[in-house]
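Here are some notes for a colleague who is about to look at this entry. They deal with a sheet, the helices on it, and the relation between the chains.

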Number of protein chains: 2
Amino acid sequence: MSDLRQQIEALGPAARDAARALAVSGTAEKNRLLLAIAAALESRSAEIIAANAVDLANGRAASLSAAMLDRLELNPKRIAAMALGVREVAALADPLDDADRVLKDWTRPNGLRLQKVRVPIGVIGIIYESRPNVTIDASVLCLKTGNAVILRGGKEAIHSNRALVDIVSAAAAGAGFPRAVVSLVPVTDRAAIPLLCGMDKYIDLLIPRGGRGLVETVVTHARMPVLKHYNGICHIYVHTDADFDMAGRIIINAKCQRPGVCNALETLLVDQAIAKKFLPPMVQSLRAHNVKVLGDAAASEALGEPLPVPEDWATEYLDLILAVRVVENLAATVDHIETYGSHHTDAIVTNSATAAREFLRRVDSSLVLWNASTRFNDGGEFGFGAEIGVSTDKLHARGPMALEELTSYKYIATGSGQVRQ
Amino acid sequence: MSDLRQQIEALGPAARDAARALAVSGTAEKNRLLLAIAAALESRSAEIIAANAVDLANGRAASLSAAMLDRLELNPKRIAAMALGVREVAALADPLDDADRVLKDWTRPNGLRLQKVRVPIGVIGIIYESRPNVTIDASVLCLKTGNAVILRGGKEAIHSNRALVDIVSAAAAGAGFPRAVVSLVPVTDRAAIPLLCGMDKYIDLLIPRGGRGLVETVVTHARMPVLKHYNGICHIYVHTDADFDMAGRIIINAKCQRPGVCNALETLLVDQAIAKKFLPPMVQSLRAHNVKVLGDAAASEALGEPLPVPEDWATEYLDLILAVRVVENLAATVDHIETYGSHHTDAIVTNSATAAREFLRRVDSSLVLWNASTRFNDGGEFGFGAEIGVSTDKLHARGPMALEELTSYKYIATGSGQVRQ
């Protein structure tokens, strides 16, 4: 245990020094580093695949599911996609470049000039589970924004991750940066996570990416800020003034286009005034898309058919399952969403601007939509180019977390000898 | 213990409901509430003074120091000052009003309009020590920005705090808001703090205001974001190209104008090239202002007199004591500040724009200054009108934490039936 602690704590000072070097580097230098990483992923792909083969063999020996093995696998096509992704991040605007970094600039009556300028956060710790592509995706977003990274990947992918981190570190050294701009927790011991959580002297922000258990562990132990990507209990409310065809298209898209993601629809709320008319064709359409429909007593009644009752209103199915509830009105809808939702993504379908404004104002979620699919809560769909996740936190970053959200700020004062009166 | 838990956890749902009511209230309504609080502080001042007399009597019986009793005392003049402060906050611009709340507004190629809009944070927990005026000051800043507050004040001020919170709650009820827009943890048991720290379902942000021990307890236990106001180990670096007179004025101001605050100077770093010329008159001037000067061997040598050696470089003296170190150059200065500083406030005095730019870029503190006193790291001096503290955190809010920093944001999407491809 004390060996483990030493191994992990040694990562801190090196990452801190690397962050200081990154913080004063320019956009061109950082982009050169990213392009060198992309090139090295391609030129060293045989190494990556060999390391990944060890993880896959261990995974098969440990009887990992076919889905897990698929997520673990790196092949030439996937490595090419990773390299392309890195080049895309290199091409994005740098929120820290001279044109964009000054957020405010004002002069006080005493002549003191104050500027609020963007700066990197510092050292970001990312704790994730199986997919090795996160190693590269998350690292390059942090590097682009001048942050050093300490990674803690899943034990299933340890050989792949070691190979990938070595590629990034070697590219960093080649570009004149410290190797420790990216480092990997070298052990897969679970005790590593609480140890990282205690390193607030060196890690400025922790981002856990994984299941609820992982996030809970991090939240319980972390002394530094944590950005959480909790689950999405996303709702669509079909208001009395909804265009039924539009509602149908939005609901099918939100539920079926990719049911396993956090911005997929989980609960459909239908206004009681239209439930009898709206629900029968809607349920038919959902079933035609292989969706299993659950519902409360009022939904069954409106449909004219008994539906299986959902166990609760706070389950994230992440599957072709939809819970339907008939609601009294807009106020009851807001209460339902605020009680059972996860403040992720919620939508209203209506032609009434008054009802829409009320819904958009009262529902406290990272994205609230009027007449559009919940699936739009995504950095790419926002035009952000890339994202490290969708934050369900309310502080620092909320919703799609892209480059700007990986920065902080400081104030700069320029004077001519001002002293305080 | 389980009674205590019940009493404290009961505050959560009520505060959450109150926050929902506040979040949809307008600027005029919130300001009416603030003005009603100011009026009630004046009309009910006899009650406040009677409650405060109990705290003062208990404090004297517990042999509190004269300084602590002074901080605890409320008298007509101090109550008038509190009421004036509330009226000043009411007069400040509301960052959530219609003119200011939309931070970004853009339309995607598919016609989906996206808006990033400011919203309140929700429920803010404030844990503080003796001064009862914090009860009002902190509450009104939170109310102005649409946030509900759960307060946990020091046990010495419990009777005063109860009277003050009752005044705010009654004013809230009179203005049509729930009483629980502000609530006070009703007990002074220390175990209340870890219980509050576990209420992440109801409290969105915790702000501990007090000594290091309190902040440590909160950081260790909190599951929600915490905004810390740690100590200020503030530095001034006198560069080779400094104007010595200006440096002297800035140093005397930063050290002596109010030595007990977080943005006061603690360590003076003098470039070795000028130390022999700069230090003797500077130390003379400091001593004329009753400052005790400590220094390293090089400082003693430059001065031509042995100085007491500081125990370390990371002590916040909060007193008329100054530690002096002679540094090799600007790079060594940055290393010193990054190693021993607290990322609070650091300044360079120089006529060299090149040296200043290097210092301002490399020093990672909430405020870095060129040719001005560290004492300017303050919401009032920034023109923010009011502040809840100076954050030493790097996420969400850094430096003076005023009204804008008490808000979060959400995204609003307005569509015409868009679905994701």
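In what order do the four strands of the open sheet in chain A come, and is the pairing parallel or antiparallel?

1. The model is predicted. In chain A the order is β5-β4-β3-β6, and the pairing is parallel. The edges are formed by β5 (182–184) and β6 (205–209) of chain A, each of which pairs on one side only. From one strand to the next, the twist averages 20°.

2. Strand β3 of chain A, residues 123–128, runs parallel to β6(A) and is joined to β6(A) by five bridges. Within this pair, Pro208(A) in β6(A) is the residue opposite Ile127(A).

3. Two helices that pack on the sheet can be listed here. Helix α2 of chain A (residues 11–23) touches β3, β4 (148–152) and β5 of chain A. The direction of α2 makes about 145° with that of β4(A). Helix α8 of chain A (residues 158–174) touches β4 and β5 of chain A, and its direction makes about 155° with that of β5(A).

4. How are the two chains related? A turn of 180°, with a shift of 0.0 Å along the axis, lays chain B on chain A with an RMSD of 0.0 Å. This is the relation of a two-fold axis.

5. Which residue of chain B comes closest to the rotation axis? The answer is His396(B), whose C-alpha is at 2.0 Å. As for the contact between the copies, the same surface serves both: 100% of the contact residues of chain B recur in chain A.

Definitions and conventions
Residues numbered from 1 in each chain as written. Chains lettered and ligands numbered in written order. Predicted model: local features only at pLDDT ≥ 70, side-chain atom pairs only at ≥ 80, totals over all residues. Pairing = 2+ DSSP bridges. Axes fitted to C-alpha atoms, helices over the stretch in contact; angles between N-to-C directions. Contact = placed C-beta atoms within 7 Å. Least-squares fit on C-alpha atoms with pLDDT ≥ 70 in both.
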